[in-house]
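Please consider how two copies of a chain may be arranged with respect to each other, and how helices may pack. The structure is shown below for reference.

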Number of protein chains: 2
Amino acid sequence: MKLKAFQSYLKKEKINSAIFTEKDINLTYFTQVKPSFSYLFISPKKVTLYITQLDKKPRLKDISVEFLDKNWKKKLNKNTKKIGLNYASITVAGQKKLKKLFPKAKFVDISKKLVELRETKTVNECKCIMKACQITDYAFSELIKKIRNLKTEQEVADFLEKKIKEKNGELAFPTIAAMGKNAVIPHHQTSQQKLKRGFLLLDFGAKYKNYCADMSRTIFLGTPNKNEIEMYNLLLGVQKGAIKEVKAGKKLFELDKFARKQLGKYSSYFIHSLGHGLGLDVHEMPSYIKDNTQKIRPGQVFTIEPGIYFPGKFGIRIEDTILFDGKVKILTKSRKELIKVNI
Amino acid sequence: MKLKAFQSYLKKEKINSAIFTEKDINLTYFTQVKPSFSYLFISPKKVTLYITQLDKKPRLKDISVEFLDKNWKKKLNKNTKKIGLNYASITVAGQKKLKKLFPKAKFVDISKKLVELRETKTVNECKCIMKACQITDYAFSELIKKIRNLKTEQEVADFLEKKIKEKNGELAFPTIAAMGKNAVIPHHQTSQQKLKRGFLLLDFGAKYKNYCADMSRTIFLGTPNKNEIEMYNLLLGVQKGAIKEVKAGKKLFELDKFARKQLGKYSSYFIHSLGHGLGLDVHEMPSYIKDNTQKIRPGQVFTIEPGIYFPGKFGIRIEDTILFDGKVKILTKSRKELIKVNI
């Protein structure tokens, strides 16, 4: 994605070559492949991907693919003067190796440019994220049909993951299924906890062609009491209200502040940020932190996920993946009114 | 694991603190936990793990656990003089951040010590690897019972993975199931390819308490012809022969050379190394490369996995996870004589 824009940047900055190693997701960003061990060299005019002989050679448009054979290092230009590296990904040892390989080169950090390119999505990226969200919605709708047959948090998570894979999705992250007070830990590790009366919090997402979806829904097993219904509807109102606030010119931090204000006296039970950007990584730019003074702009994809967590009692989180393309588009479309399941 | 030995090393090297970040598997090595975002500080006398408030606080022996709250940075000793970092894991940007946080510190690379500690396994580590191998064997034996009901490579891989999870295992790596000529690419990506007459190569492994198993078996669907049986038995003989060569004082590279010699005129079809060390990572030290002049020593765990690959025809690989504890112990115990499945 945005390979031409990146090459223009390299030319402008007089960077002869940008080098990526396999642990850097930006290698996938520019090539759409995920090889097992590889190097990607991007110069203003040429792109070469080196892969091991244990992998199959992919056919890629505008990218030549070579094997990391005995002679590959000999073909590199030892006189390269200026090399760009992603300092947010390359290890100190990795940089040292490259310094030996290119003794005459000056190394510069290109991480900011990469973040900037990835922060707004292309049409193709949006299509992948939309498809990932569709698969996520499908898994949730199937779960609601079958949840009465399931007995534990783990079985619920396994079911969702199976349905995601059924539609050729991968997992964007390990599924969270948290029953009752387990949901108070936002990153609860799905356990053998039996399903019982109460809120069941689900946080999960498919990955499609390397792009992530992220959705949380909290459903109720059994019959909720008045307080439980009130808390759910309060949070749902806040989530919908925050989505309405998404406009060009607003800052994400202002959305976070708005949601906290709407929660009123319950805001101290909202112990995390309102959301995060997502794309190839399930957490990437744009960020909701105060330091991010940039305004919302077209092509950004992010979550809106307020939550309230009452220690020893229950936790509720409602989360959608949102695309802003001038207007706000909710990409995860699963029902948000409280779903009650007879048990 | 080996926390005391590591602390002694820090004391000897006058390193005040070694710092690990969450992407470094060594954090799990010393704490046995895998938090979502965290820092681990090890000094000669104290160990502190910092985790986010989104995670549950684990109870750990000899390790204090703190939250990454607003004030955590204030509690750090700004006058720390010498800090150890794993240059093989920390990013250039990560090191820069730490340099700002500890302006008076000298930073040194501790990666070699970490590799040295992890290269020989403790009794506890061996127990985890043995259990991972048991789960791997279980999944394979279940597959052989049920394979007649399965139709594609993907279904075979899914079945193995389901059985691993059934026994509370995780996946050491994505399962490879490669039918016929697909197996010629050692890192073949499991596909919707239908099962049919021919060799089916399986390369998979469970992970138990963060420790990996790795096993390959190649079975035959239908009735093999004389050449296919001969090729299989040749490779099996080489694999068993190489295992017999494992002795204290030998080098792994000598084993690799031995296997190649045994393959005779077929050695050019053996296109990868004879194996790799494994533990927390599925690929770690000890290495089979020629540069590794160290001799096999007790506590080392590694694979022995010769393979032959005939382009356009078929590939065979037979792999066991081996522990050397003075004697050779084969930890993966699944049958290696050619298994033929009627189809």
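**Two copies and a helix pair**

The copies meet through the same surface, because 100% of the interface residues of chain A are also interface residues in chain B. The model discussed here is a predicted one. At the interface, 19 residues of chain A are in contact with 19 residues of chain B. On the side of chain A that touches chain B, the most is given by helix α3 (residues 92-101) of chain A, which supplies three residues. By character, that side of chain A comprises nine nonpolar, eight polar and two charged residues.

The relation between the copies can be described next. Two copies of a chain are related by a rotation about an axis and a shift along it. Here, a turn of 180° and a shift of 0.0 Å along the axis lay chain A on chain B with an RMSD of 0.0 Å. The two copies are therefore related as by a two-fold rotation axis. Within chain A, the C-alpha nearest this axis belongs to T91(A), at 2.0 Å from it.

Attention now turns to a pair of helices in chain B. Helix α7 (residues 226-244) of chain B and helix α8 (residues 252-262) of chain B have axes that come within 9 Å and cross at roughly 150°. Because angles over 145 degrees count as roughly antiparallel, α7(B) is roughly antiparallel to α8(B). The crossing of α7(B) past α8(B) is right-handed. From α7(B), the contact is made by V238(B), G241(B) and A242(B), and from α8(B) by L255(B), F258(B), A259(B) and Q262(B). The residues of this contact between α7(B) and α8(B) are five nonpolar and two polar, with no charged residue.

Terms used:
Residues numbered from 1 in each chain as written. Chains lettered and ligands numbered in written order. Predicted model: local features only at pLDDT ≥ 70, side-chain atom pairs only at ≥ 80, totals over all residues. Contact = placed C-beta atoms within 7 Å. Helix = DSSP H or I, 4+ residues; strand = E, 2+ residues; numbered from the N terminus. Nonpolar A, V, L, I, M, F, W, Y, C, P; charged D, E, K, R; others polar. Axes fitted to C-alpha atoms, helices over the stretch in contact; angles between N-to-C directions. Parallel < 35°, antiparallel > 145°, perpendicular 65-115°, else oblique. Left-handed = near helix turned anticlockwise from the far one by under 90°. Least-squares fit on C-alpha atoms with pLDDT ≥ 70 in both.
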